[in-house]
Amino acid sequence: MHKGISMKLSITLLSAAVLLICGCTTTVVGPPGPPPPPVGVTVAVEDRPYYVHGPYYVESGRHYVWVSGHWAHRHGHRVWIHGHYVLR
């Protein structure tokens, strides 16, 4: 009987020591990490490579005006028409 109490006391003391050691550790909490990236796909269509003179320019006395890019239907398909300069 004495051995059973000694075993229970040893387990209790060992458990208390483990809890005490674990409870004394320092926990460092830093700033939260970045949010996860949004789910989905973003497609950017821009006319910047073609838009080099601004909204208009004059060359050899001719006035050219920028026409923005737009979606159009060509041969049963929806296609992007890039912006371009037209003579006005």
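**Turns and strands in a predicted model**

User: In this predicted model, His75 lies in the loop between which two strands?
Analyst: Look at what flanks His75. One strand covers 70–74 and the other covers 77–81. The loop that holds His75 therefore joins β3 and β4.

User: Is His75 buried or exposed?
Analyst: Exposed means over 50% relative accessible area. His75 passes that cut-off, because its relative accessible area is 81%. His75 is therefore exposed.

User: What is notable about the phi of His75, and what is its value?
Analyst: Most residues other than glycine have a negative phi. His75 is not a glycine, yet its phi is positive. The value is near 55 degrees.

User: Which residue in the loop between β1 and β2 has a positive phi although it is not a glycine?
Analyst: That loop lies between 56–59 and 62–67. The residue is exposed, with a relative accessible area of 73%. Its phi is about 55 degrees. The residue is Ser60.

User: How many bridges join β1 to β2, and which residue is the bridge partner of Glu59?
Analyst: β1 and β2 run antiparallel, and four bridges join them. In β2, the partner of Glu59 is Arg62.

User: Which strands stand at the edges of the open sheet?
Analyst: The sheet has three strands in the order β1-β2-β5, with antiparallel pairing. An edge strand has a single partner, so one side of it is left without a neighbour in the sheet. The edge strands are β1 and β5.

User: What is the average twist from one strand to the next in that sheet?
Analyst: The sheet in question is β1-β2-β5. From one strand to the next, its twist averages 30 degrees.

Methods
Residues numbered from 1 in each chain as written. Predicted model: local features only at pLDDT ≥ 70, side-chain atom pairs only at ≥ 80, totals over all residues. Heavy atoms only, no water. Buried < 20%, exposed > 50% of the residue type's maximum accessible area, 1.4 Å probe, protein only. Pairing = 2+ DSSP bridges. Axes fitted to C-alpha atoms, helices over the stretch in contact; angles between N-to-C directions.
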